Amino acid sequence: MWVTADGHIRQQLLPDGRYDEARGDPRSAYTGRYTVTGDHLDHVDDTGFTATGDLRDGVLHHEHLVLYREEKSSTS
């Protein structure tokens with residue numbers, strides 16, 4: 001899961017090559033497929049819109065967004 005610093009946008013990159021992006025409360029605001037080549041990502045949402053991103057120093061720069069890997073909590 002990748003999130004913006006304010007947590008408003010959350011993008012889950014699924015192992016089957018699909019993604020699900022939430023914006024605010026609505027889940028699945030955007031869904032589609034993605035491919036990874038090295039540190040570069042290409043997204044094509046289900047409506048045909050395309051976007052790109054690059055992973056630099058552990059941060060995902062996705063078009064105009066900056067997303068950080070969400071840390072999983074260790075609560076039991």
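These legends describe close-up views of a predicted model. Local features need pLDDT of at least 70 and side-chain atom pairs count only at pLDDT 80 or more, whereas totals for chains, interfaces and linings use all residues. Residues are numbered from 1 along each chain as its sequence is written, and side-chain values use heavy atoms, with hydrogens and water left out.

**View 1. Whole protein: eight strands and zero helices.** Helices (H or I, at least four residues) and strands (E, at least two) are DSSP runs, numbered from the N terminus. The elements run β-β-β-β-β-β-β-β from the N terminus on. The C-alpha atoms fill a box of roughly 40 × 30 × 25 Å along the principal axes. The radius of gyration is 12 Å, which agrees with the value near 11 Å for a compact globule of 76 residues. That radius is taken over C-alpha atoms, and the globule rule is 2.2 Å times the number of residues to the power 0.38. About 5300 Å² is exposed, and carbon and sulfur atoms supply 49% of it. Accessible areas come from the Shrake-Rupley method with a 1.4 Å probe; for residues, only the protein chains shown count as cover. Of the 76 residues, 29% count as buried (buried is under 20% relative accessible area, exposed over 50%, partly exposed in between; 1.4 Å probe, protein chains only).

**View 2. The eight strands close into a barrel.** The order is S1-S2-S3-S4-S5-S6-S7-S8, with antiparallel pairing. Two strands pair if DSSP finds at least two bridges between them. S4 (residues 30-37) and S5 (residues 40-45) pair in the antiparallel sense over six bridges. Thr-35 stands opposite Asp-42 in S5.

**View 3. His-62 is buried in strand S7.** His-62 has a relative accessible area of 6%. Strand S7 spans residues 59-62. A polar atom of the His-62 side chain lies 3.4 Å from the backbone oxygen of Thr-52. Leaving out residues up to four places away in sequence, His-62 touches Gln-11, Glu-21, His-43, Ala-51, Thr-52, Gly-53 and Leu-67 (contact means heavy atoms within 4.5 Å).

**View 4. Asp-46 and Arg-18 meet in a salt bridge.** A salt bridge is a side-chain nitrogen of Lys or Arg within 4 Å of a carboxyl oxygen of Asp or Glu. A search of the whole structure finds two. Here the N to O distance is 2.9 Å. Asp-46 lies in the loop between S5 and strand S6 (50-56) and Arg-18 in strand S3 (residues 18-23), so the pair ties together parts that are 28 residues apart in sequence. Arg-18 is partly exposed, at 30% relative accessibility.

**View 5. Glu-21 and Arg-23 form a salt bridge.** The N to O distance is 2.7 Å. Glu-21 is buried at 4% relative accessibility, whereas Arg-23 is partly exposed at 29%. Glu-21 is also among the residues touched by His-62.

**View 6. Ser-28 and Glu-63 have positive phi values.** Phi of Ser-28 is near 55°, in a residue other than glycine. Ser-28 is found in the loop between S3 and S4. Its relative accessible area is 39%, partly exposed. Phi of Glu-63 is likewise near 55°. Glu-63 sits in the loop between S7 and strand S8 (65-69). Glu-63 is partly exposed, with a relative accessible area of 49%.

Methods:
Polar contact = N/O pair within 3.5 Å; in protein donor to acceptor, adjacent residues only side chain to side chain.
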